[in-house]
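User: Please take a close look at the largest cavity in this model. Then connect it to the elements around it and to the other local features that stand out.

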Amino acid sequence: MINPAIAIRHLVLFVSAVAIAIAPMSEAVARRGGGDRIAAGSGGSNSSSNTDKPGRASSTGTSDKAGSKKSGQGSSQTPAKGRRANPPPPKDTLPKPPRDQPPKPPKPPKNPKPPKPPRQQPPNPDGETRPKPPRRPPVVVRPRPPAINPPVISTFLPPNLRRPNLPPLPPLFIPRPRRQPLALPPLPDLVRSRDREIIIAVDDTLSDGDTIILGQGLTLNVEVQYRSSLLGIKIVRLRIPDNRQREQVIAAVIQAVGTDPRIIAVQPNFVFEASQSATPATLVPPPLPQLPQYAPEKVRLAEAHRTSLGRNVRIAVIDTGMDDAHPELAGAVADSFDAIGEGPAEVESHGTAIGGIVAARQQMKGMAPDARVLAVRSFSGGVGRKAEATTLSLIKGLDWAAANTARVVNMSFAGPKDPLLQATIEAAQERGLIMVAAAGNGGPSASSAYPAAFDRVIAVTASDSDDQLYDKANRGSYIAVAAPGVDILALAPKAAYEMSSGTSLAAAHVSGIIALMLERKPTLTAENVRAILSSTARDPDHSASARGLGAGIVDAARAVAAVE
């Protein structure tokens, strides 16, 4: 008869051997993803042999069976902290997991949806689809709040970006509201201009390249482009390349102004001459003190110099090249400027004579010996040629004089009525410059000379040692006062002296006297100066106006004393 205890013991041993044999298989299954249940079962069998303390191992089948039941119950509980729930089997029995097994596919979702085919992703040759590139985050466009005032569309916005529902834009170029009279000048004035040249004024914002294109459209060659600081516009000198007459070209440009708003003004390039007598000046040999100088006595210069010498007043002399190395002008010329810029600046008699009358300070008696002269070369001449200036060179000289803080501008020249020159003079007067000009040497039948005939310019005619009008002087109501201008001792280049006549010399006397007045009161305006000179002029028999002397012959002592 078989002993039951032995039979139970053999059964327990058999079950233990089976558990040890299937342990590696359960571990492999757990690694493939399904090892949660198997690991729990195998953990129960291992716990039955590891949780029993030494010495308590039952030798009977009943106690082993009970321990097996307890271990089976403990397999469903969470293992204690710090103890592994599923200890690995012995190393000699643990097989290596296969390396080439594919991963287990994920569980399908509850509501499966057919995946969208990838866009423009052709399958690989082996049949697999390429991975889909990562998607960029969407761009969130936030609506802008409504503007209180509608935005202003720039004039330079390209046409393809303009809104179609907006009204048409104004023209790309909007000219400034500054236009000179656009008309053909009288024939006498047209004769006194450069033959193959005209001048146009355009807005300063127009580039040099666009100006050249504009000239090509008019079939004209652009020679000079100059930006005037007083006018705030660009002045362009154009040359007529064909056989067209100036009248035809000017008329064509005036007609083009109606369709091209970039053109502000058009006119000839006028020519001006230095207002000197037609009689050549005569050189005076030394010694100088023996020569008569009646002009200082006629204007009572010595009395005026007791209170004023024109200290630090700047007088711009727009004329020919001045010999600032003359001993009489040592230290008198503060600065110089060449508005022509064509070759080396030559020193000439006319500019040197005017500078000496204004500020000579050695043997000669200048009107304002302590004044500062700004020598501006706008005229060019030479031996046997008249000294001439053009519209463009005169505007350059006025711009420079204003930029260098001149208070008095002496313009001892005469010419036609020039609209652009008039506009420049008016702009200089608005800045406080006092303009003095020669009345002209055209004779009794000559027309008005400019710039002397422009408004607010102090026009000066010439008188002789007997207070009589210079016989070659112009007549006209535009003449303000007279000053000595016949047989005047003046400076000449190369430290020489000469006797000369003309309204140019008379204007220089008045410019120097104004410097004496400005030293006493720098805030005087052109209207104040003209009123003082006229009210203090010497006219004993009250016939000065009838004799063409304006208000009379200037009196420097009375004019300086009248300045409060």
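Analyst: The answer starts with the cavity and then moves to a salt bridge, two helix pairs and one loop.

The model is predicted, and every value below is computed from it. How many cavities of 30 Å³ or more are there? The count comes to one. The volume of the largest cavity is about 110 Å³. Its lining is made up of 13 residues, and those closest to the centre are Gln293, Ala295, Pro296, Ile488 and Leu489. Two elements, helix H6 (295–298) and strand E15 (488–492), each supply at least two residues of this lining. Sorted by class, the lining of the largest cavity holds nine nonpolar residues, two polar and two charged.

Helix H6 also leads to a charged pair. Arginine 300 sits in the loop between H6 and helix H7 (301–305), and arginine 300 forms a salt bridge with aspartate 555, with 3.2 Å between the closest N and O atoms. Aspartate 555 belongs to the loop between helix H12 (526–536) and helix H13 (556–562), so the pair ties together parts that are 255 residues apart in sequence. Over the whole structure, the search finds 20 salt bridges.

Helix H12 is in turn one member of a helix pair. The axes of helix H11 (residues 503–520) and H12 come within 11 Å and cross at roughly 110 degrees. H11 and H12 are therefore roughly perpendicular to each other; the range for that term is 65 to 115 degrees. On the H11 side the contact involves Val510, Ile513, Ile514 and Met517, which meet Val529, Ile532 and Leu533 in H12. By class, this contact of H11 with H12 has seven nonpolar residues, no polar and no charged.

A second helix pair has another geometry. For helix H9 (residues 391–403) and helix H10 (residues 419–430), the axes come within 10 Å and cross at roughly 5 degrees. Because angles under 35 degrees count as roughly parallel, H9 is roughly parallel to H10. Thr391, Leu394, Ile395 and Leu398 are the H9 residues that meet Leu420, Leu421, Thr424 and Ile425 of H10. The contact of H9 with H10 divides into six nonpolar and two polar residues, with no charged residue.

Two backbone features remain, and they are placed in one loop. Proline 451 is in the loop between strand E12 (434–438) and strand E13 (458–463). The peptide bond that joins tyrosine 450 to proline 451 is cis, and its omega is near 15 degrees. Arginine 456 also lies in the loop between E12 and E13. Although arginine 456 is not a glycine, its phi is positive, at about 70 degrees.

Technical notes: Residues numbered from 1 in each chain as written. Predicted model: local features only at pLDDT ≥ 70, side-chain atom pairs only at ≥ 80, totals over all residues. Heavy atoms only, no water. 1 Å grid on protein atoms, 1.4 Å probe; cavity = no way out; pocket = protein on both sides within 12 Å on 5 of 7 lines; lining within 4 Å. Points joined across faces, edges and corners; volume = space filled by probe spheres on them. Helix = DSSP H or I, 4+ residues; strand = E, 2+ residues; numbered from the N terminus. Nonpolar A, V, L, I, M, F, W, Y, C, P; charged D, E, K, R; others polar. Axes fitted to C-alpha atoms, helices over the stretch in contact; angles between N-to-C directions. Parallel < 35°, antiparallel > 145°, perpendicular 65-115°, else oblique. Contact = heavy atoms within 4.5 Å. Salt bridge = Lys/Arg side-chain N within 4 Å of Asp/Glu carboxyl O.
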